[in-house]
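Welcome! Take a moment to look over the sequence and the model, and then we will walk through them together, one part at a time.

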Amino acid sequence: MRDQDAQELDQFRRRAAEAQDRLTKLRRMLRDITHRVDVSPETLRGAITRLEDERDKLALDTESMVYRKKAIEDAIAEITAKSAEAMKKDRVAVELDKLIQSREVELKRMQQLAAEKNVSQADVEATEARVGEARVRLWERQEVVNRTAGGDVLADLNKELAMLSINSFESEHRLQRLKIAVADYSKAVDQIDELENAQAAKAAAQQAALEAENHMAEHLRSLRQLQPPTINLHARPQPQPQPQPQQ
């Protein structure tokens, strides 16, 4: 009985050791794939779900950024074109443009005369100042026309477009990283199922080994309580001698 119990216990312990080895290999493989320390099935499945949810949300946000960026670029182009058209029709702007052209022609003439030593440098500088003054007046008028054409929001749109370009680039980079992470985790799905099976096999083998140990201990206690048989020897009664008849 002891030999049979010992063989059964060794068998269950061997199964438990094999299950532990398989479990260790699977955990090492999952750590290499997921780059996580905790590779329990519950943790990994939760991580996969979170990664997929984050990937989907980020994909939607990135797509929304692309459409918003296109809309802002179209709005800026439309306002710019509308402002340019309004400048062509604005009488003040038209006259200021003519004044600039006239003063630029005068400036070229003064520069030529200065090269011929016919006018002083001060006269050339005064002419340059008048050209600059006319340009400033045209720029001021352009701001007024731009505000009328919607240019008051142009600065805000340009600022938002710059920030949106930065955020879009960052979002695209994060989305690529998430796609790679989800792809890596998808390779671990089958191993997660195997890990659960290995854990169940290990638990079953350990429980069987524990029951075998208890069974063996119970047998040993029973054997110790057995008493060797007692043999009682009783003397066989001797026959009594018969009296001899007298001669």
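A good place to begin is Ala6, a residue of helix H1, which covers residues 2-34. Keep in mind as we go that what you are looking at is a predicted model. Is Ala6 buried, exposed or something in between? Its relative accessibility is 26%, so Ala6 counts as partly exposed, since that class lies between the 20% limit for buried and the 50% limit for exposed. Now look for Ala212: this residue is 206 positions away from Ala6 along the chain, yet the C-alpha atoms of the two are separated by 8.5 Å.

With that pair in mind, step back to the whole chain. It contains six helices and zero strands, so that reading along the sequence gives the pattern α-α-α-α-α-α. Of the 247 residues in the chain, 26% are buried. Ala6 and Ala212 also lead us to a wider question: among contacts with a separation of 6 or more, what share is made by residues 24 or more positions apart? In this chain, that share is 84%.

Let us turn to helix H4, which runs over residues 121-148. How far apart are its ends? Helix H4 has 28 residues, and at 1.5 Å a residue they should span 40 Å; the C-alpha atoms at its two ends are 41 Å apart, which agrees with that expectation. After H4 comes Gly150, a residue with a positive phi, near 100 degrees.

Which residues of H4 are buried? They are Val124, Thr127, Val131, Ala134, Leu138, Val145 and Asn146. As you trace them along the helix, a general point is helpful: an α-helix has 3.6 residues a turn, so residues three or four places apart point the same way. The buried residues of H4 pack against two other helices, H2 (41-89) and H3 (91-115).

The meeting of H2 with H4 deserves a longer look. The axes of these two helices come within 9 Å and cross at roughly 120 degrees. That angle makes H2 oblique to H4, because it falls outside the range of 65 to 115 degrees for roughly perpendicular and is not over 145, as roughly antiparallel would require. The crossing of H2 and H4 is right-handed. On the H2 side you will find Ser83, Ala86 and Met87, which meet Leu138, Gln142, Val145 and Asn146 of H4. The residues of this contact divide into four nonpolar, three polar and no charged.

Helix H2 also meets helix H5, which covers residues 154-186. Here the axes come within 8 Å and cross at roughly 155 degrees. H2 and H5 are therefore roughly antiparallel to each other, and their crossing is left-handed. The residues in the contact of H2 with H5 divide into 20 nonpolar, seven polar and 10 charged.

To finish, zoom in on one residue of H5, Leu157. With a relative accessible area of 17%, Leu157 is buried. Which residues does Leu157 touch, leaving aside those up to four places away in sequence? They are Ile72, Ala75, Ile76 and Ile79. Glu73 can be added to the picture too: its C-alpha atom and that of Leu157 are separated by 8.4 Å, although the two residues are 84 positions apart along the chain.

Note on methods. Residues numbered from 1 in each chain as written. Predicted model: local features only at pLDDT ≥ 70, side-chain atom pairs only at ≥ 80, totals over all residues. Heavy atoms only, no water. Helix = DSSP H or I, 4+ residues; strand = E, 2+ residues; numbered from the N terminus. Expected span 1.5 Å × (residues − 1). Buried < 20%, exposed > 50% of the residue type's maximum accessible area, 1.4 Å probe, protein only. Contact = heavy atoms within 4.5 Å. Axes fitted to C-alpha atoms, helices over the stretch in contact; angles between N-to-C directions. Parallel < 35°, antiparallel > 145°, perpendicular 65-115°, else oblique. Left-handed = near helix turned anticlockwise from the far one by under 90°. Nonpolar A, V, L, I, M, F, W, Y, C, P; charged D, E, K, R; others polar.
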